[in-house]
Amino acid sequence: MITELGHFALVLALVVALVQTLLPALGAHYKDARLMAVGEPAAVAQLILIGLSFFALMHAYVVSDFSVETVWANSHSLKPMLYKVSGVWGNHEGSMLLWVLILAAFGAAVALFGDNLPRGLRANVLSVQALIAVAFLLFIIAASNPFIRIPVQSEGRGLNPILQDPALAFHPPFLYAGYVGLSIAFSFAVAALIEGRTDAAWARWVRPWTLAAWVCLTLGIAMGSWWAYYELGWGGWWFWDPVENASFMPWLAATALLHSALVMEKREALKVWTILLAILAFSLSLMGTFLVRSGVLTSVHAFAVDPRRGVFILSIMMLLIGGALALFAWRAPSLKQGGLFSPISREGALVLNNVLLTVSCGTVFIGTLYPLALDALVGAKISVGPPYFNATFGPLMVPLLFAVPIGSMLSWKRGDLRGVMERLMLTGLVTAFALAVTFAFMHRGPWLAPFGLALGVWVCAGAVSEWGQRVKAFAAPWDEVWRRARGLPRAAYGTALAHFGIGMAMIGIVATTAWQSESVVALKPGEQTTIAGYTLDFKGVAPSQGPNYNELLGLFSVSRNGRPVVDLTPSKRAYVMPPQPTTEAAIHVALLGDLYVVLGDEIKDGGGYIVRLYFNPLVRFIWIGALVMAIGGVFSLSDRRLRVGAPRRAARASLAAAE
Amino acid sequence: MTRKQRRSVFIFGGVAVLSLAVFLVMFALKDTIVFFHTPRDVAEKHIAPGKRIRLGGLVEQGSVKRGSGLTVEFAITDTTRAIPVRYTGVLPDLFREGQGVVAEGRLDTAGVFTADTILAKHDENYMPPEVAAALKKEGVWQGDSKAKSPAAKK
């Protein structure tokens, strides 16, 4: 019964979305306030209906209703409750429902918190948002309906054990919030093109939404990378897998969009480009959804291969992206150009940022789609792996990161490069010191690695130095420094934190790539092995039992210089349903580097076990860096000037002043 | 600087970055892509020893030999031809005889394939699509091994 109600609510949501697509846009066109006013209640109703539908599906999972096809195919009564709930989106149908739920949530947020938007703009934004919802609701109802009933089964087929991990509860929702959050930027861009005008206020409205989506996307990608790191047992944190790239490309575009919207807001320049980026960022999200959900790619994320679905998502993509780009081609020339600036200026630096980010996004795009295109066109099967991305994406990141501290110190309109270089003296010295120390202690690895590390230090030190100079640290009395530090806008802290985070991530990436230690050994119980200064005693194996699996634990005691550090128990699990083995790595987490142990197969005739060990120096910096970036984004978001209601309050204040 | 000069600076900068990227992409695509081959391709197309390729097919029944050390030997087959493969390290969880697998590495002059990466499936129902396509070509594709769901109620 509840399942049927959920199904019904979903169909009803489609009807509401259709109404919301048509009426507000018509109202905006004919300047009819009553028609425009339909948008807000419709957006809220849509959210409630899709939410009902989502909870109905969750209910079916929680009570293990095996008369629902997706529950039967992806769940099991013995599965822990955490995975019954998060398993709702651990499959194709449920994850698409989560997708539209988040889409509706963003639409409703515009309706509820967008009081200060011009009426016409808001009506158009809600219409475009509803159009996206219509397309995806149609897709769900017609081609991936989670509510289809089957004759009731006694037991489910279970969830892929790789997905049975607490990260399943966080990684997909955050990633989707990022993907789908970019739809708001898209809707604003299309609405601006329909209206034929944009201004600084438009950028001020778009930026917080993009920033929120970017924060979610950053966290989602970082969590996915972390999950792959500990779950797949390969000791790596990023594989340039097409599915990873599918989430990384929108991130690059969103990062570019954040920076160009800044220029538009402050200087009214780069209008056309910003609109185009907003369209492209969400287009890349749609493409990511297509790549991951259509089954054209091979990965854990491709749950089911049904050609109808691929064609359906491809048509949605063509319609939305093609439509938006056509509208752009038609209306963009009429947008007025904004302020002038010299190449050496904050704007110029942000343009450089945008060029490098979009071009690097382009190289990832080519590397991801080239194998697919080649297969479709000539039938040749190739794979484009990490060497390609390291050779193309890497070199483009070098000038980008080098420019970060310089660009953020340049002034608007016309910058003084010499002055900035003088202000960066200390940063340069710190960087040179880091370079020298790394070279002194390095005994292996590529000679370029210390430069990469120094580049990360340069970005971090630059962020700290910019903040230090703004609060006059060491240059003014401490009470004045304190006053200045408190008075500095939150957005300034946000920028400094985000830049510091990217520098940290860079340090982690370089260190772990260049100086990872790996060893594969055969160990009998009682034997020892060493890696990166750690000594591991293998004490043997022991069986153990979990809620829906049996496992074999390898028992290791780790010591360093004779002092015990930790006991590690990597394991091999055999899940009951589906009957599938998994390998669980054991990781000793430390800021300076992770010790990573994987238990392999047993060697015949009492030869012991194969054991794979890694030492990943500074690998934590990558995820901590991403977290710092996201925190920076949140700081920026909480800035008074960026808050969604801010322009209205400013307007009130000026009214009060006029009285 | 006039507006025109400024514009040309930006255009020049953009074109410079773009051509750098095109240059990098061309070079990288030439040197780093890895072609996928089946055992039949290896026999017919005379793949040069030492060239990095991906070899895909089924793990031949009864071919997996684990020595006393870390090295595993097995054969990848498309049911008509088989290529011996040698791999040192920890095999993926779902590696077993009769299942689809993709190995990345190089052929040596004796015709033995030394793999440094072995990719198997992520779950029970899944066959690497290149392998599925290759088996279809050989005419030995068994169809989806995935259990069909009980007939859905309309």
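This report covers the interface of chain A and chain B, a domain contact within chain A, and strand pairing in chain B.

The model is predicted; local features need pLDDT of at least 70, side-chain atom pairs count only at pLDDT 80 or more, and totals for chains, interfaces and linings use all residues. Residues are numbered from 1 along each chain as its sequence is written, chains are lettered from A and ligands numbered from 1 in the order in which they are written, and side-chain values use heavy atoms, with hydrogens and water left out.

## Chain A against chain B

The size of an interface is often given as the accessible area lost when the parts come together. Here, buried area is the accessible area (1.4 Å probe) that two parts lose on being put together, summed over both. Between chain A and chain B, about 4400 Å² is buried, and carbon and sulfur atoms give 69% of it. A:Pro343, A:Lys381 and A:Ser383 supply 13% of the area that chain A buries against chain B, more than any other three residues. Contact means heavy atoms within 4.5 Å. By that rule, 55 residues of chain A and 48 residues of chain B take part.

The rule finds one salt bridge across this interface. A salt bridge is a side-chain nitrogen of Lys or Arg within 4 Å of a carboxyl oxygen of Asp or Glu. B:Arg66 and A:Asp601 form it, at 3.2 Å from N to O. Five residue pairs are in polar contact across the interface, both residues at pLDDT 80 or more. A polar contact is a pair of N or O atoms within 3.5 Å; within protein, one must be able to donate a hydrogen and the other to accept it, and residues adjacent in sequence count only if both atoms are side-chain atoms.

Helices (H or I, at least four residues) and strands (E, at least two) are DSSP runs, numbered from the N terminus. Several elements of chain A each supply at least two residues to the side that touches chain B, among them α13 (346-378), α14 (386-409) and β10 (593-602). α13(A) gives the most, with eight residues. By class, this side of chain A has 32 nonpolar, 14 polar and nine charged residues. Ala, Val, Leu, Ile, Met, Phe, Trp, Tyr, Cys and Pro count as nonpolar, Asp, Glu, Lys and Arg as charged, and the others, Gly among them, as polar.

## Domains 3 and 4 of chain A

Domain bounds come from an automatic or database domain assignment. In chain A, domain 3 covers 394-515 + 623-629 + 653-658, and domain 4 covers 517-620. Their C-alpha centres lie 39 Å apart. Each domain gives eight residues to the contact. The buried area is about 680 Å², with 60% from carbon and sulfur atoms. Zero salt bridges cross this interface. α19(A) gives five residues, the largest share of the domain 3 side.

## Strand pairing

Two strands pair if DSSP finds at least two bridges between them.

| Pair | Sense | Bridges |
|---|---|---|
| β1(A) and β1(B) | antiparallel | two |
| β5(B) and β7(B) | parallel | three |
| β6(B) and β7(B) | antiparallel | six |

Across the chains, A:Ile382 stands opposite B:Phe35 in β1(B). Within chain B, β7(B) holds B:Thr114 opposite B:Arg86 and B:Thr117 opposite B:Glu104. β6(B) and β7(B) form a hairpin with five residues between them. In the turn, B:Gly111 has a positive phi of about 85°.
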